[in-house]
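Me: I would like to learn how to read a structure feature by feature, starting with cysteines. Could we take each idea in general terms and then turn to the case in hand?

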Amino acid sequence: MIKIDDYAYTSGLKDVHPVEKVSFALIFLFFTILSKNISVACFTFTVMSIGVLFKAKIPFIAYLKLLFVPFVFLMTSLVAILFSIAPIYQEDLDVLWMAEIGLWQIYINSYSIQQSYELATTILASVSCLYFLVLSTPLNQFIWVLKKVKFPTVFVELMGITYRFIFVLLEKMNEIYIAQSSRLGYQNYRSWFSSVAQLIVSLFVKSMRSAKELQITIDSRGGDEHLYDVDLSMGYNRGHFVFIFISFVTLFMIYIMTKS
């Protein structure tokens, strides 16, 4: 199991001010999404991957596993974009590949390839930005930034609770899975379905129990105090802001030079 939360707290960038990390990641993210430029997306993915692997010092295999999950969903989406369907008698199609099935033809044209390529690069670049942010910024720093930009307190605390519960449930799921596997719970299809059903039920019970314990804790404190009161004593680094500005200028130059 990949422990994203552990990586965030042991990252090589954990002591960098969160405003600098958030600004850096969001500039690349929004510029990549708004420009829809393949060169910009490739540059973004490269920079973010270098930051994750060499600055945050995240293991290469762990980073690949994290990228594999959105990559699978991306491939399923690209199939619908890459292949087009039209009646067999329709002409004037810019076809690079075609297969006829009954009265219909499935084909690939240059536009669908270009569109698929742009979508794939933009999504992977955007995901790399989010991974850079998540893998280098602990939860308390995220919450500090959200409070500084005046996000509603309810939203911030719900996000913090949800974030914590995700990793608690993943840890519990891993423990239950190991216990079931040690008892040959996944030996065949019948035992597999039974074990999965028991795993789901156990997770539901544990999540309800954890939620009840959290509610009791809040009520015991009067219920009117904030769950996350974060105070950071980190200082800003001017060199990082200069690097962020240079990165923005570089993105803009790449976009201008490859716009056509």
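Me: Why does Cys-129 not form a bond with the closest cysteine sulfur, in Cys-42?

Reply: A disulfide is a covalent bond between the sulfur atoms of two cysteines. In this predicted model, the sulfur of Cys-129 has its closest cysteine sulfur in Cys-42, and the separation of 13 Å is too far for a bond, given that a disulfide calls for two sulfur atoms within 2.5 Å.

Me: How many disulfides does the structure hold, then?

Reply: The structure holds zero disulfides. Cys-42, accordingly, is in no disulfide, the nearest cysteine sulfur being that of Cys-129.

Me: Is Cys-129 buried or exposed? And how does Cys-42 count?

Reply: Cys-129 has a relative accessible area of 2% and is therefore buried, since buried means under 20%. Cys-42, by contrast, has a relative accessibility of 33% and so counts as partly exposed.

Me: Let us turn to strands. Which strands are joined to β3, and how do they run?

Reply: Pairing is read from the bridges between two strands, with at least two needed. Strand β1 (residues 84-87) is joined by four bridges to strand β3 (residues 104-109), and the two run antiparallel. Strand β2 (residues 95-101) is also antiparallel to β3, and here six bridges make the connection.

Me: Which residues stand opposite one another in these pairs?

Reply: On the β1 side, Ile-85 stands opposite Ile-106 of β3. On the β2 side, Trp-97 has Ile-108 of β3 as its bridge partner, while Glu-100 is partnered with Gln-105 in β3.

Me: What lies between β2 and β3?

Reply: These two strands form a hairpin with two residues between them, and Gly-102, in the turn, has a positive phi of about 65 degrees. Another way to read the arrangement is through C-alpha distances: Met-98, which lies in strand β2, has its C-alpha atom 6.5 Å from that of Ile-108, although the two residues are 10 apart along the chain. Met-98 counts as partly exposed because its relative accessibility is 38%.

Me: Where is Leu-232 found, and how far is Leu-232 from Pro-18?

Reply: Leu-232 is found in the loop between α8 (189-220) and α9. Leu-232 and Pro-18 are separated by 214 residues in sequence, yet their C-alpha atoms are 9.5 Å apart in space. With a relative accessible area of 18%, Leu-232 is buried.

Me: How should I read the aromatic rings, and how many pairs are there?

Reply: Rings are paired by the distance between their centres and then classed by the angle between their planes, and the count here comes to nine aromatic pairs. In the pair Trp-192 and Phe-193, the ring centres are 5.1 Å apart and the planes stand at 90 degrees, so this pair is edge-to-face. Tyr-236 and Phe-241 have ring centres 5.9 Å apart and planes at 45 degrees, so their pair is tilted.

Me: How do Trp-192, Phe-193 and Phe-241 count in accessibility?

Reply: Trp-192 is partly exposed, at a relative accessible area of 39%, whereas Phe-193 counts as exposed, at 55% relative accessibility. Phe-241 has 35% relative accessibility and counts as partly exposed.

Me: Which residues are linked by ring pairs into a cluster?

Reply: The cluster consists of Phe-24, Phe-28, Phe-43, Phe-132 and Phe-243, linked through ring pairs.

Me: Which residues make the nonpolar surface patch?

Reply: A patch is built from accessible residues that lie close enough to be joined, with nonpolar side chains joined within 5 Å. Here Val-242, Phe-245, Ile-246, Phe-248, Val-249, Phe-252, Met-253, Ile-256 and Met-257 make a nonpolar surface patch of about 870 Å². One of these residues, Val-249, lies in helix α9 (residues 238-258), and its relative accessibility of 34% is why Val-249 counts as partly exposed.

Me: Finally, how many salt bridges are there, and which residue forms a salt bridge with Lys-14?

Reply: A salt bridge is judged from the distance between a side-chain nitrogen and a carboxyl oxygen, and the count comes to one. Asp-15 forms a salt bridge with Lys-14, with their closest N and O atoms 4.0 Å apart. Asp-15 is exposed, having a relative accessible area of 59%, while Lys-14, at 30% relative accessibility, counts as partly exposed.

Technical notes:
Residues numbered from 1 in each chain as written. Predicted model: local features only at pLDDT ≥ 70, side-chain atom pairs only at ≥ 80, totals over all residues. Heavy atoms only, no water. Patch = residues over 30% accessible without salt bridge, like charges linked within 9 Å, V, L, I, M, F, W, Y side chains within 5 Å. Areas by Shrake-Rupley, 256 points an atom, 1.4 Å probe, with all protein chains shown as cover. Buried < 20%, exposed > 50% of the residue type's maximum accessible area, 1.4 Å probe, protein only. Phe/Tyr/Trp six-rings, centres within 6.5 Å; stacked < 30°, edge-to-face > 60°.
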